[in-house]
Amino acid sequence: MLVIDKPAGLPVHRGPKGGPNLENSFRFLQYGLPRAPVLAHRLDRDTSGCLVLGRHRKATASLGLLFKHSRISKTYWAVVEGGPEADEGVIDMPLGRLNAERGWWMKPDPEGLPSVSNFKVLGRGGGMSWLALEPVTGRTHQLRVHTSASGYPIVGDNIYGNGPRFGEPTLHLHARKIVIPISKNKEPVRVTAPVPPHLQERMRACGWNGE
């Protein structure tokens with residue numbers, strides 16, 4: 001497998017309108033294998049950080065099972081407007097599709113699929129909070145909907161929050177760390193992605209020390 005540091009603003013798939021996308025570059029990541037790697041999961045276009053690729057079919061199938069059964073732990077860092085009252089907790093909020101026209105957009109829905117996220121406040125300042133978010137389930141836009149519906153949308157979220165359609169601030173959501181148990185007899189693989197420039201100013205306002 002490969003774990004790459006995905007830049008914010010670049011979609012992983014080629015959209016219906018074409019344009020730049022991450023998959024176009026996968027052929028440069030073959031490193032001697034006959035086929036290009038493929039996505040083992042996905043990140044939103046405006047989310048940065050750890051993205052896992054399978055280098056061949058067997059690896060991709062194994063990774064798919066690990067993701068499906070929630071064996072891979074993911075930690076995201078986010079800067080949110082306001083923040084939760086508690087310093088840590090669990091958001092247990094079923095999610096369903098908003099409507100057919102909006103495709104991937106989601107909403108809280110008591111009849112929807114179970115959706116659980118853990119949160120921990122890492123810092124506060126300037127009317128914002130810096131959170132570590134761990135999705136227990138893997139629903140589309142889960143962290144974005146969970147934080148927004150809880151009253152503290154992610155800074156720059158132009159779907160579920162107050163972010164502008166164009167320009168700054170862009171989405172302040174970063175796939176910070178991923179832990180992948182690839183073997184029963186070995187320690188899991190742990191990968192950490194550095195904080196991208198567009199998050200740093202607001203994270204510093206919340207007490208981030210630059211590491």
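Two strands are taken to pair if DSSP finds at least two bridges between them. In this predicted model, strand β3 (residues 48-54) and β10 meet that criterion in the parallel sense, over two bridges. Glycine 49 stands opposite alanine 175 of β10.

Strand β10 spans residues 173-180. Its pairing is not limited to β3. Strand β4 (residues 73-81) and β10 pair in the antiparallel sense, over six bridges. Here alanine 175 of β10 is the bridge partner of tyrosine 76. Alanine 175 thus appears in both pairings: opposite glycine 49 and bridged to tyrosine 76. Strand β11 (residues 189-192) also pairs with β10, in the antiparallel sense and over four bridges. In that pairing, isoleucine 180 has valine 189 of β11 as its bridge partner. Strand β10 is mostly covered. Seven of its eight residues are buried. In a regular strand, side chains alternate between the two faces of the sheet.

Pockets were examined next. The largest pocket holds about 1000 Å³ of space. Its lining comprises 26 residues. Nearest its centre lie Pro11, Arg45, Trp104, Trp105 and Ile159. By class, the lining has nine nonpolar, eight polar and nine charged residues.

The second largest pocket holds about 650 Å³. It is lined by 28 residues. Closest to its centre are Lys74, Tyr76, Thr137, Gly138 and Arg139. Tyr76, bridged to alanine 175 of β10, is therefore also among the residues closest to the centre of this pocket. Four elements give two or more residues to this lining: α1 (57-68), β4, β9 (128-135) and α2 (142-149). Strand β4 gives the most, with four residues. By class, the lining of the second largest pocket divides into 10 nonpolar, 11 polar and seven charged residues.

Helix α2, one of the elements that contribute to the second largest pocket, is mostly covered. Six of its eight residues are buried. These are Gln142, Leu143, Arg144, Val145, His146 and Thr147. An α-helix has 3.6 residues a turn, so residues three or four places apart point the same way. Glycine 151 follows α2. Its phi is positive, near 100°.

Definitions and conventions
Residues are numbered from 1 along each chain as its sequence is written. This is a predicted model: local features need pLDDT of at least 70, side-chain atom pairs count only at pLDDT 80 or more; totals for chains, interfaces and linings use all residues. Side-chain values use heavy atoms; hydrogens and water are left out. Buried means under 20% relative accessible area, exposed over 50%, partly exposed in between (1.4 Å probe, protein chains only). On a 1 Å grid over the protein atoms alone, a cavity is a set of points where a 1.4 Å probe fits but cannot get out, and a pocket is an open set with protein on both sides within 12 Å along at least five of seven lines; lining residues have an atom within 4 Å of a point. Grid points are joined across faces, edges and corners, and a volume is the space filled by probe spheres set on the points. Ala, Val, Leu, Ile, Met, Phe, Trp, Tyr, Cys and Pro count as nonpolar, Asp, Glu, Lys and Arg as charged, and the others, Gly among them, as polar.
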